[in-house]
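Please work through the exercises below with the sequence and the model open beside you, and try each task before reading its solution.

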Amino acid sequence: MGCHAVPGLFSSGFDALLRRQARAQTEATVPTSRVVASGGSRSRFPFRRRSHADASPVTHASLLLRLRSGPALTEARRLHAALLVGGHRHGAVLSAQLVRVYARLGEVGHALRVLDGMPRRNSFAWNAAIKGLVDAGRFSEALETYWAMVGDGSVAADGFTYPPVIKACAALGAVEQGRMVREHVEAAVARGKATPNVFVQCALVDMFAKCGCLGEARSVFESMQDRDLPAWTTMIGGAMHAGDWFDAMSLFKRMRSEGFCADSVIVATVIPACGRVKDLRAGTVLHGCAVRTGVAGDTCVCNALVDMYCKCGCLDMADYLFRSIAFKDVVSWSTLIAGYSQNRMYHLSVSLFAEMVNAAGLKPNSNTMASILPSVSELKLLGHGKEIHGFSLRHGLDQSKFLGSAFIDFYSRQGFIRKAETVFELMPKTDLVIWNSMVAGYAVNGDTDSALCAFRALQKSGFKPDHVTVISVLPLCNHHSRLTQGKELHGYVVRHCMSSVCSVSNALIDMYCKCCCLEKGKEIFQLMTDRDTATYNTLISSLGKHGYEDEAIMLFDLMRTDGITPDKVTFVALLSSCSHAGLIDKGLYFYDSMLQDYNISPDKEHYSCVVDLYSRSGKLDDAWKFVSSLPEGTEIDVLGCLLGACRVHNRTDIAELVSKRIFEQNPSDPGYHILMSNIYADAGMWSDVTRIRTMIEERSLKNNTGNTLI
């Protein structure tokens, strides 16, 4: 029996049709043969029936030659017909070539019928059928055919069999079947029936990496006796796919030390790792490497460099490189659009998108629109978002899982959760990405019950929550009432080996600390092998809020020892900790260090912390001096912080100076007017109280009234 539930080669309707075609063809050649015999013109039929006197039958060699020449589909069918009527129907070599021809032409069904009808199937036929199935994206059938080949036992798999089979395993995430294939390969090598094959080993590395088994991928890679540049590219690409950025950079350095010269593919592969870990120095070194090796002009390399500089916050360099690209493709535009969005330069992101569509005349793809939507969302441009949605519907891009996910996120962040649900319902539920977006959408809108319900629904649909799902749900458990669910999620993380994912551990630390379980948060921190800036920020902030200022400062010292670069959030946490503890000198030291050592531009949060630092120590004169030195247009919140401190310390003189600046910037805010009135009342300055109250009445300033469910 064949490996497919299809009639045999010589009993199928398809082959019966071919035989009728062949008979009609040969019968039509009979009169022509007489013309040829009498010296007339040559027959226009390539496979006419000849008489015993003037011609020999179509030979095995001629059929083989024609099949190997890569015929078109019509010609392939004629050759198939000739094979049927020419006495070659049992020839394994010709039938195998026919399988290959049909498979290459995308006629996989015909190829399988021919394979099923072969009395003796050779490895060439099996390999051609398997490769054809993989090329057609029919991965499950490819694996079924491989196991049928193994079960048949007449021929052994070889170096041409394994790569497409392993590719099918990778596409399906069938890691267990991939492991069995690896066992077959290693068994054949151990028995001396095969030699190590670099193509097979590269395929195994790629498969294990894509299935999240980076350790097994590394095991195969290290066992390779001869590693060529594609082998290194595969391993580095596997590390990138698994999100192990440091390992990817380490592998590239090791590859260079072994004397391999980087090409454009491997440079474009490893550069994004520098952006992911925000290692600008390493990224600049790779930029120089690209220039020295002559691949800096490659569009893919330029796109990777633009992405790296964007992620490292060097937008000027990213823009310079983008403008220098001779032939910008859609990826080039999409990369910088996304870079501006990631760096909160939303207006520039939208402007660049408009330039791409209007000036450059390029049609955006699903990735471009997914990149622009966060900027449109942040700028509250609901109309523009709907226009982009309409464009995607008109051009058939609405089924893209990434774009669908972006639309769900867009509508959720605008508060239109029902529209997000509509997008979700219209999308095929074939990917976890869509489910993750819906769970996150509910979480953004504070709908804890719906988020947890969607979390359970995705599990019932056969999906396994990944680290993105867990990160979306964990913030919902940042309260004592949800601590039990948080612990259950922690158990899921441990059982499914997600603890090594830095962002998951960060979310767990945050959850436990906000539930006042600081010791549990510190325990997770100690177990982490890979920490980033967010890890330290989360714990430093939590320690400071709970009154452990000394531990927070010690943790910052450890952060610097570990080589982790602090960011704006780090210094907000440190300044806040020092403010609560009254450590004014230490707080000012951190503020100066932020400016001088790390070249970080302060935001309103940093200014407010410094004002609070002075105010809690009663040094309001220094606080006013600091505020006066700030650039024009200082945030109202910073001035409001000082005004509140003036009431606590009964400093009417400074309060008048601060309120004057506040009223000039925002004369319509009743809150600060009332606060100033109370400051005057505390000081017994009733005439000034009357003046402020009159001002409030004349300007019709009213506080927004609160609502209660009781």
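## Cysteines and disulfides

Cys-646 counts as buried, its relative accessibility being 0%. The model is a predicted one, and the exercises below should be read with that in mind.

**Exercise 1.** Determine how far the sulfur of Cys-646 is from the nearest cysteine sulfur, and decide whether Cys-646 is in a disulfide.

**Solution.** A disulfide is a covalent bond between the sulfur atoms of two cysteines. The cut-off needed here is that the two sulfur atoms lie within 2.5 Å. For Cys-646 the nearest cysteine sulfur belongs to Cys-641 and is 9.8 Å away, and Cys-646 is in no disulfide. Turning to Cys-302, the closest cysteine sulfur is that of Cys-300, and because the two are 9.3 Å apart, they are too far from each other for a bond. Cys-302 is also buried, with a relative accessible area of 7%. By this rule the count for the model comes to 0 disulfides.

## A helix pair

**Exercise 2.** Describe how helix H11 and helix H12 pack, giving the angle and the distance between their axes, and list the residues that make the contact.

**Solution.** Begin with the geometry: H11 spans residues 198-210 and H12 spans residues 214-223, and their axes are 7 Å apart at an angle of about 165°. Angles over 145 degrees count as roughly antiparallel, so H11 is roughly antiparallel to H12. The handedness of the crossing of H11 and H12 is left-handed. Next, the contact: H11 contributes Gln-201, Leu-204, Val-205, Phe-208 and Ala-209, while H12 contributes Leu-214, Glu-216, Ala-217, Val-220, Phe-221 and Ser-223. Sorted by character, the residues of this contact comprise 8 nonpolar, 2 polar and 1 charged.

## A serine in a helix

**Exercise 3.** Is Ser-615 buried or exposed, and which residues does Ser-615 touch?

**Solution.** Ser-615 is placed in helix H35, which covers residues 604-616. Its relative accessible area is 4%, so Ser-615 is buried. Leaving aside residues up to four places away in sequence, Ser-615 touches Leu-620, Ala-623, Leu-642, Ala-645 and His-649.

## Positive phi in two loops

**Exercise 4.** Locate Lys-278 and Asn-599, and state what phi is for Lys-278 and for Asn-599.

**Solution.** As background, most residues other than glycine have a negative phi. Lys-278, although not a glycine, has a positive phi of about 55°; Lys-278 sits in the loop between helix H15 (264-276) and helix H16 (280-292), and is exposed at a relative accessible area of 59%. Asn-599, likewise not a glycine, has a positive phi of about 55°. Asn-599 lies in the loop between helix H34 (584-596) and H35, and counts as exposed at 66% relative accessibility.

Key. Residues numbered from 1 in each chain as written. Predicted model: local features only at pLDDT ≥ 70, side-chain atom pairs only at ≥ 80, totals over all residues. Heavy atoms only, no water. Axes fitted to C-alpha atoms, helices over the stretch in contact; angles between N-to-C directions. Helix = DSSP H or I, 4+ residues; strand = E, 2+ residues; numbered from the N terminus. Parallel < 35°, antiparallel > 145°, perpendicular 65-115°, else oblique. Left-handed = near helix turned anticlockwise from the far one by under 90°. Contact = heavy atoms within 4.5 Å. Nonpolar A, V, L, I, M, F, W, Y, C, P; charged D, E, K, R; others polar. Buried < 20%, exposed > 50% of the residue type's maximum accessible area, 1.4 Å probe, protein only.
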